[in-house]
Amino acid sequence: MKNRLKVLRAEEDWSQAELADRVGVARQTIVALEGGKYAPSLPLAFRLSKLFQKPVEEIFDPESAE
Amino acid sequence: MCQVYRPLQREMFAVGGDDNLKPPLGLGKETNAKVIPSPASRTSVEDERHRSLCSRQDFREVFAEGKSFIRDIWSRMRDTQLAMGKALNPTTQAVRTYLLEFGLSMTAYVVVLCASIFLFTRVNGVWRIVIALLPIIPVGLVFAAAVRFLLRTDELERQIAGISLALAGGATALLSVTYGFLEVFRFLPPPSAWLTWTTFMLAWFIASFFVRRWFR
């Protein structure tokens, strides 16, 4: 699933590890999410949405979901 | 607060013809307003029932508010800890706890295994079976530690473990069936039960490596 995580993270000037800490996941999860290889669970998607203060559909592109 | 209580409040605490709802005396802002008693149409049993319903509902609301307040405090504390670089990622915490539990279980395993080997030749009858099976207890603890780790850890890690376990299970089943056919036609001797365990663990290790790599 394509997403704007990398861009949003860069805007906040956070490292992958920092973002992982903020949403309570492993850094590898952020790597997989940014690479579009992993679709997050609903709780994680909502945590990211709350953190970046953007709706979920603005972070994740549902059209690109396989 | 309580919707059920409102009509009753309106009747009991209506102030001098003013229809606006005022808080009950002692619960909200104190007023010098004259309190008009409840009309005779509402019996005391009904009033009591209403009060009981309201107090339960109020309690739930207060409880929910308290819960959300505590959650908010925790969240703020965690944010502060994160900002100070003191908080541990839940996955890191899960790994640390797992390593501790695994280490303790393996230590227990080694101790029990040594004791089992030492005692095996010194007992007879049913006790031999009991002594031979004793190391199963710490092995069970290792299994419990692994399950607890999977429940505590990160969602991707859980998914990787799930896929790897499924692949390992499938590969072990395929190899077991292959071996079984060869055994049926007397090409191979009956295998040791350890062979299945070793095959499964090996397959799990290999599958984990490739699944983890795929998610990178």
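This report covers chain A of a predicted model and its links to chain B.

## Chain A at a glance

Chain A is built from helices. It has five of them and zero strands. Read from the N terminus, the order of elements is α-α-α-α-α.

Chain A holds 66 residues, and 27% of them are buried. Now take the contacts in chain A with a separation of 6 or more. Of these, 53% join residues 24 or more positions apart.

## The largest nonpolar core

The largest nonpolar core has 13 residues. Which of them touch the most other members? They are A:A20, A:V23, A:V25, A:I30 and A:L33, together with B:L156. The list therefore includes residues of chain A and of chain B, and a nonpolar core is made of buried residues.

Three elements give two or more residues to this core. Two belong to chain A: helix 2 (16–23) and helix 3 (27–34). The other is helix 6 (155–184) of chain B.

## A:V25 and its contacts

A:V25 is one of the core residues that touch the most other members. What is A:V25 in contact with, leaving aside neighbours within four places in sequence? In chain A, the partners are A:A20, A:I30 and A:L44. In chain B, they are B:T91, B:D154 and B:E155.

## A:R4, by the start of helix 1

A:R4 sits in the segment before helix 1 (5–12) of chain A. Is A:R4 buried or partly exposed? A:R4 is partly exposed, because 16 other C-beta atoms lie within 10 Å, while a buried residue needs 20 or more.

A:R4 and A:F60 are 56 residues apart along the chain. Their C-alpha atoms are separated by 6.6 Å.

Notes
Residues numbered from 1 in each chain as written. Chains lettered and ligands numbered in written order. Predicted model: local features only at pLDDT ≥ 70, side-chain atom pairs only at ≥ 80, totals over all residues. Core = buried A, V, L, I, M, F, W, Y, C linked by C-beta atoms within 7 Å. Buried ≥ 20, exposed ≤ 12 C-beta atoms within 10 Å, placed from the backbone. Helix = DSSP H or I, 4+ residues; strand = E, 2+ residues; numbered from the N terminus. Contact = placed C-beta atoms within 7 Å.
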